[in-house]
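User: I have a model open and want to go through its fold piece by piece. Can you take my questions in turn?

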Amino acid sequence: MDQFARSCVREGDTTTTGGRVEARPQQWPVTYGNDRKHATFEGDPVWCPACESYGVTQCVPPYRRNTGPDGRQKNLDGDLCLCRCPSPPRLIAKFNNVRTSFSVEEVLSMPGSGAWLEFAGHSLAGISKHAAHDEQVLLEWEEVEGVPYRIEVNDGRVLTGVVGPDGLLPRVQTLSEAEYTVYWGDEALARAMGAAS
Ligand SMILES: [Zn+2]
């Protein structure tokens, strides 16, 4: 299932700080669209009005190897702008006709995808829902409101709570950087008791 899609970035696209992505001149530029704007690649310059400096683009997962004629990785919506801002702005693609799609399994298998997932508005619940369908896990997502949950991440973190009316779990930022297990209901409570004793 192609659940996650990221649009390719072109020259003139913007950033979360209202920046402007530019394309370094290339011998064989890659262009998209009728207006033949150049695709941008990792390391291309970005003007950032927030810190009034030029940054460069940096690719972030999830992505597959997809390089241009000069060997640089293609930029995708949500990639970073490394400028002087303390928190790097993200690239925003305006043109959505050229996209790269990823399956749920792929995203989960690509370390470091968590931050992009968060940026793109995906939640752990959204992913787990599809993964759950694949693995035929017990609960129908829509029916879990009020059920206690416990998420144990293999780096030692534990997230607990009660599922709200939207059926969503909290986002786990390091989702794909660490293994995790979700426990529900009685099992979640039992593990909490075990952890306390
Ligand atoms: Zn900046």
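User: Is phenylalanine 119 partly exposed or buried, and why?

Analyst: This is a predicted model. A residue needs 20 or more other C-beta atoms within 10 Å to be buried, and 12 or fewer to be exposed. Phenylalanine 119 has 14 C-beta neighbours inside 10 Å, so the residue counts as partly exposed.

User: Which residues does phenylalanine 119 contact, leaving aside neighbours within four places in sequence?

Analyst: Phenylalanine 119 sits in helix 2. Its C-alpha lies 8.7 Å from that of arginine 90, and the two are 29 residues apart in sequence. Contacts are judged between C-beta atoms, within 7 Å. Beyond the near neighbours, the partners are Gly78 and Arg90.

User: Which elements give two or more residues to the largest nonpolar core?

Analyst: That core holds 17 residues, and Cys8, Val9, Val46, Cys81 and Leu91 touch the most other members. The elements giving two or more residues are strand 6 (45–48), strand 8 (80–82) and helix 2 (114–119).

User: What does valine 9 touch, not counting residues up to four places away in sequence?

Analyst: Valine 9 is among the core members that touch the most others. Its contacts are Val21, Thr40, Asn75, Leu76, Asp77, Asp79, Leu91 and Ala93.

User: Which side chains of strand 6 are buried?

Analyst: In a regular strand the side chains alternate between the two faces of the sheet. Along strand 6, Pro45 and Trp47 point to one face and are not buried. Pointing to the other face, and buried, are Val46 and Cys48.

User: Which are the edge strands of the open sheet with order 3-6-7-8?

Analyst: The sheet has four strands with antiparallel pairing. An edge strand here pairs on one side only. That picks out strand 3 (20–21) and strand 8.

User: Which residues of strand 6 are the bridge partners of arginine 20 and valine 21?

Analyst: Strand 3 and strand 6 run antiparallel and share two bridges. Arginine 20 is paired with tryptophan 47. Valine 21 is paired with valine 46.

User: Which residue in the turn between strand 6 and strand 7 has a positive phi?

Analyst: Strand 6 and strand 7 (residues 53–58) are antiparallel, joined by four bridges. One of these links tryptophan 47 to tyrosine 54. The hairpin leaves four residues between the strands, and the turn residue with a positive phi, about 50°, is glutamate 52.

User: And which residue takes a positive phi in the hairpin of strand 11 and strand 12?

Analyst: Strand 11 (residues 148–153) and strand 12 (residues 158–162) pair antiparallel over five bridges. Isoleucine 151 has leucine 159 as its bridge partner. Four residues lie between the strands, and the one with phi near 105° is glycine 156.

User: How far apart are the C-alpha atoms of tyrosine 183 and tyrosine 149?

Analyst: Tyrosine 183 belongs to strand 13 (residues 180–184). It counts as partly exposed because it has 18 C-beta neighbours inside 10 Å. Its contacts beyond four places in sequence are Tyr149, Arg150, Ala188 and Arg191. Tyrosine 149 is 34 residues away along the chain, yet the C-alpha separation is 5.6 Å.

User: Over which residues is the pLDDT below 50?

Analyst: The protein chain averages a pLDDT of 79, and 77% of the residues score at least 70. One stretch falls below 50, with nine contacts in the model beyond near neighbours in sequence: residues 131–143.

User: What share of the residues of the protein chain count as buried?

Analyst: The chain has four helices and 13 strands. Among contacts between residues at least 6 apart in sequence, 65% join residues at least 24 apart. Of the 197 residues, the buried share is 30%.

Conventions: Residues numbered from 1 in each chain as written. Predicted model: local features only at pLDDT ≥ 70, side-chain atom pairs only at ≥ 80, totals over all residues. Contact = placed C-beta atoms within 7 Å. Core = buried A, V, L, I, M, F, W, Y, C linked by C-beta atoms within 7 Å. Pairing = 2+ DSSP bridges. pLDDT = per-residue confidence, 0-100.
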